[in-house]
Amino acid sequence: MNGIHRTAAAAALLLALPLSVAASTPASATSPLLAVSATSAGSAGFADSATVPAAFHIELPRPTGPNAVGRQILHLVDQDRPDPWVPSAGPRQLMVSMYYPAVAGTGGPAPYTTPQAARLILDRFLPGNTIPTEALAGLRTWSRSDALPRHGRFPLVLLSPGFIMPRTELTSLAEDLASRGYVVALVDHTYENTGTTFPDGQTLTCAAICDAPPPGGPAVVEASRAKDLSFVVDQLTDRSRPAWRYAHMIDAHRIGIAGHSMGGAAAVPALATDDRIRAGVDLDGTMHYPVPAGGLGGKPYMMIGHPLPDGQVDTSWTGAWANLDGWKRWLTVAGSDHGTFTDDNLLLVGLGHPNPTTITPERGIDLTREYVAAFFDLQLKDIPQPILDGPTAANPEVSFHQ
C-alpha cells in the first residue's frame, strides 16, 4: 500500500490516523494517541496556571543528565519561502521549542501544551470524550521557562515529530538530551499536525494535508520538512542576527538530527541536502525519500524500530541499510509499538487507556533516551559508547540487525 492511508489505533476508543507507510509494512504508522504543542508560560494563549485533574495521573520521566533544563519558544518566519501547504498564508512560519542546559533554580514552570492544542488532540483522537482540557494543558514538564543558560558551547540536535503529531510528543527526549549537555530545537511543522499555537494565540490545524496526501505524496512532505529544519539551522547559527538570544551556546560544527515516524524519515533529506547536519536518527519512520544510491556522504545514521508481525521488514529500511555508506546501526525493541519511542503511550495510559504494548511506556522512553543520547555522544562528542557495539544484558529488549 502506498501513500497516506488509515491504520487501526492501538486502543479501541481511538480513531484511526492517516499515515505514511512503506509498500510492505506499517513502520511509520502514526502513534495511537498523543502529542501536544509545548509553550512558554506567560505567552499569549499559553497555559500557565492549570492543574491536572486528580482523576488522571500523568508524570513525565525525570531527565537523566546532570543539568537543569531551560526552555524558550521561538516563532520563526521564512520570508524567502511561501508556505508549501497553504500558500495564501504567506511566508512559512514555524514554532520551535528550544531546550538547553540551564542554571538550576532559575526560570518558571513550563507547561506541556496550550489549551487550544490540548483540545484539538483530545477531540481528534477521542471524539465525544469527556476528558477535560486541563488533563493535558495542565501537565507540567521538567523544563523551566526562560531559565538562565549554563556557560559553555554545546552540540545542537534538531528534533522532528511524527506526521499529525505536534512537537510535544518528543518532550521527554528533548528534555533528556538538554540535561545531558545538548541544545535541542524541537520543531513543529505547521499545517502538518493537529494544532500549532502561535504567539498571537491563533492555533493553526492540519486541515491542509493531514487527511489527504499532497501532490507527490509523503516524500514531498519529508523533503519540505528538511527545508524547515535547514531554515531553523540558518536562524540559530546566523552570526550577525541569530533568532535565539542564547545562540552563543550552540556549537555550529556539531549538529545532529533525530525524529519520530515521518520526522525520522525527514532526517534522510536533511542529511542529504545540508552539509551542516552531521548525523541522524530515525525513530520508527518509513522513508519515502530514499537514502541516495551513493549514500549520505559517510554521515552516521541509526534506525530504531518496533518489531513487525510475521517476520515482515520495512523495505525502505532494507534499502536504506544497503545504501548507507557511513557508521550505521539498525535496532529493534522487542515488545514495542510505534508510540513507544515518544511520550504517546505514557499519555495514553495516564488518560485511563490500557497500555498497547508489553513494554511499559516508561521503559520505552528510557531505552529511546539511552540509545539516542549514546548515538549523539559518539557522533557529536566523540565519546566511545560500548552500548552501540551490540546487545547488552542490561537491555535485553534491544536487538541489532546485522
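## A buried acid without a partner

A salt bridge here means a side-chain nitrogen of Lys or Arg within 4 Å of a carboxyl oxygen of Asp or Glu. With that in hand, let's look at Glu-222 in this predicted model. Glu-222 is buried, yet has no salt bridge. The nearest side chain of opposite charge belongs to Arg-225, and that side chain is 8.1 Å away. Set against the 4 Å cut-off, this distance shows why Arg-225 does not count as a salt-bridge partner for Glu-222.

Where does Glu-222 sit? Its home is helix α4, which covers residues 218–237. Leaving out residues up to four places away in sequence, Glu-222 touches Met-262, Ala-265, Ala-266 and Pro-269. Its contacts also include Thr-286, Met-287, His-288 and Tyr-289.

## Tyr-246, in the loop after α4

Staying with α4, we can move to the loop between this helix and β11 (250–260), where Tyr-246 lies. Is Tyr-246 buried or exposed? Its relative accessible area is 8%, and because buried means under 20%, Tyr-246 counts as buried.

Apart from its neighbours within four places in sequence, Tyr-246 is in contact with Gln-72, Tyr-100, Ala-147, Leu-148 and Pro-149. If you'd like a distance to check in your viewer, Tyr-246 and Leu-236 are 9.1 Å apart, C-alpha to C-alpha, with their positions 10 residues apart in sequence.

## Pro-307, in another loop

Pro-307 lies in the loop between β13 (301–305) and α7 (315–323). The relative accessible area of Pro-307 is 37%, so this residue is partly exposed.

Which residues does Pro-307 touch, not counting those up to four places away in sequence? They are Thr-332, Val-333, Ala-334, Gly-335 and Ser-336. Pro-307 and Asp-284 are 23 residues apart in sequence, and their C-alpha atoms are 9.8 Å apart in space.

## Enclosed spaces

Now for the empty space. Rolling a probe the size of a water molecule over the atoms shows where such space is left. How many cavities of 30 Å³ or more does a search of the whole structure find? The search finds 2, and the largest has a volume of about 50 Å³.

The lining of this largest cavity takes in Glu-169, Leu-170, Ser-172, Leu-173, Phe-341, Thr-342, Asp-343, Ile-365, Thr-368 and Arg-369. By type, these lining residues divide into 4 nonpolar, 3 polar and 3 charged. Helices α3 (171–179) and α9 (361–381) each supply at least two of the lining residues, and α9 gives the most, with 3.

Key
Residues numbered from 1 in each chain as written. Predicted model: local features only at pLDDT ≥ 70, side-chain atom pairs only at ≥ 80, totals over all residues. Heavy atoms only, no water. 1 Å grid on protein atoms, 1.4 Å probe; cavity = no way out; pocket = protein on both sides within 12 Å on 5 of 7 lines; lining within 4 Å. Points joined across faces, edges and corners; volume = space filled by probe spheres on them. Helix = DSSP H or I, 4+ residues; strand = E, 2+ residues; numbered from the N terminus. Nonpolar A, V, L, I, M, F, W, Y, C, P; charged D, E, K, R; others polar. Buried < 20%, exposed > 50% of the residue type's maximum accessible area, 1.4 Å probe, protein only. Lys, Arg positive; Asp, Glu negative; His and termini not counted. Contact = heavy atoms within 4.5 Å.
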